[in-house]
Amino acid sequence: MGRTPTGQPGFLGFVHRRRRGAELFLLILALAVGIGGYAAVGIGVDGAVPTNIVGYGGWLAVLIVACHVAVRIAAPYADPVLLPVVAALNGLGLAVIRRLDLAQIDQAAGTGKAPHVFANDQLVWMTIGVSLFIGTLVVLRDHRVLQRYTYTSGLAAIVLLLLPMFPFIGREVNGSRIWVHIGPMSIQPGEVAKVLLVVAVAGYLVVHRDALALAGRRFLFIDLPRGRDLGPILAMWLIGMGILVFQRDLGTSLLCFGLFLTMLYVATERPGWLFVGGLLFVAGAVGAYFVESHVHARVVTWLDPFGAWETGSQQVGNSLFGMSWGGLLGRGLGDGQPWRTSYAESDFIMSAIGEELGLTGVMAVLLMYGLIVERGLRAALVCRDGFGKLVATGLAVIFALQVFVVVGGVTDLIPLTGLTTPFLSYGGSSLVANWVIIALVLRISDQARRPVPDLSFEEPAEVETTQIVKAVRP
């Protein structure tokens, strides 16, 4: 049997080629979801297939095939399921945003006002995200290099989180100060900060997890951490509270603190950290409810979305009406009225999916997000180094927390947070950052699945021997 240059049996090369073949087949299905959804929108709204579907579908296919080629060359052992799931979500999101754009165009007809459309911009942002996805795979050949920049990443994450507070560049939109305007561009630096935060926390925990895992006093069958080790969680709690109070950004605050707490528990395996973190979270939430009017209003709307119809936001109420109207199978793409919910293209895109694709479409989308989280955690399980395990875990937790708080807010399970739905919602910063996250997970997956060199099959090196000559006594 032939052997690869790494010394492994030749069938391993066949295995990874078959893995990439399975990925290509799944990518074809993902393209069918994106392009088919775009065509269904045109048929549902205008009664005909869109005239630009060849150009749109061709460019979407070019982007997806470019991703596949990059993975095949730069990460041949990577997970074959992750990229197709992401491509399907991104394609579906573009189709739903296009459907909302057509509603805006119909409403603006005859008024003399230019409609505000988003699908073309989202496709541009997807192109940028795919470019950075490919660049990350090509440039970052080993994820362990990132551990050298632990404290640099942490400092950069804090600076990015503080950028919206700077004068002249920071902007407040819809009550939250989370945007930075540089010339004609507006970005949300918190989306980049969450990736850097994962790198920083993973690098810190790899070095200090033994000290943090030491138990202190026992309370209610739980070993609490020592008082001297509470510094990191208190610092992250203060950062989260600062984001909540000064920027009025409930989503980023919850995401940062929840991400740190989850990674801390995974690294130390101490439930006491969850207990302490839960107490800090409850204390911060109660304090924010009484101190911050923005948080107070969202909690009131959450408790009674229809009672706040006249005095507060109508988003949650419209979202519930739309999803109930959609029922099990939905009204069909183009046959609903999802534009009645404000910001349906960003914060409430799951409401639009629930109305036009029904509960079935929502469950399919949630299943795809579940696959992303599962494949990220699987990469963490098979990874050989502690830093890679924590990074993959943190990146998977980002998707889990973000989808939970978004869907929970749209369905009135929890207060509305204002986060975007990964790969579906309109938002350039979020889309680009999420494509980079997928590239990092694929890099860790490739490194973990790559066969270890078997040195037993190498040719033995020539060894010089020393002859011992005994002198013969006369």
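This passage describes the overall make-up of the chain, its aromatic pairs and a nonpolar surface patch. The model is predicted.

The protein chain contains 14 helices and five strands. Of its 474 residues, 49% are buried. Contacts between residues at least 6 apart in sequence were also examined; 73% of these join residues at least 24 apart. The accessible surface of the protein chain amounts to about 22,800 Å². Carbon and sulfur atoms account for 66% of that surface.

Aromatic rings were examined next. A pair of aromatic rings is described by the distance of the centres and the angle of the planes. Seven aromatic pairs were counted. One of them joins Y38 and Y56, whose ring centres lie 3.9 Å apart. The planes of Y38 and Y56 meet at 15°, so the pair is stacked, the cut-off for stacking being under 30 degrees. Y38 belongs to helix α1 (residues 11–46), and Y56 belongs to helix α2 (residues 53–74). The pair therefore ties together parts that are 18 residues apart in sequence. Y38 has a relative accessible area of 4% and is buried. Y56 is also buried, at 9%.

A second geometry is seen for F133 and W435. Their ring centres are 5.5 Å apart. Their planes stand at 80°, so this pair is edge-to-face, for which the angle must be over 60 degrees. The pair links distant parts of the chain. F133 lies in helix α4 (residues 119–139), whereas W435 lies in helix α14 (residues 428–449). The two residues are 302 apart in sequence. Both F133 and W435 are buried. They also belong to one aromatic cluster, together with F399 and F423.

The surface carries a nonpolar patch. It is formed by I158, L162, M165, F166, V245 and F246. Together these residues have about 520 Å² of accessible area. Two elements, α5 (150–162) and α7 (231–246), each give two or more residues to the patch. F246 lies in helix α7. The relative accessible area of F246 is 55%, so this residue counts as exposed, the threshold being over 50%. The aromatic residue F246 of the patch is thus exposed, whereas Y38 and Y56 of the stacked pair are buried.

How values were computed
Residues are numbered from 1 along each chain as its sequence is written. This is a predicted model: local features need pLDDT of at least 70, side-chain atom pairs count only at pLDDT 80 or more; totals for chains, interfaces and linings use all residues. Side-chain values use heavy atoms; hydrogens and water are left out. Patches are made of residues with over 30% relative accessible area and no salt bridge: like charges are joined within 9 Å, nonpolar side chains (Val, Leu, Ile, Met, Phe, Trp, Tyr) within 5 Å. Accessible areas come from the Shrake-Rupley method with a 1.4 Å probe; for residues, only the protein chains shown count as cover. A salt bridge is a side-chain nitrogen of Lys or Arg within 4 Å of a carboxyl oxygen of Asp or Glu. Helices (H or I, at least four residues) and strands (E, at least two) are DSSP runs, numbered from the N terminus. Buried means under 20% relative accessible area, exposed over 50%, partly exposed in between (1.4 Å probe, protein chains only). Rings of Phe, Tyr and Trp (its six-membered ring) pair if their centres lie within 6.5 Å; planes under 30 degrees apart count as stacked, over 60 as edge-to-face and the rest as tilted. Contact means heavy atoms within 4.5 Å.
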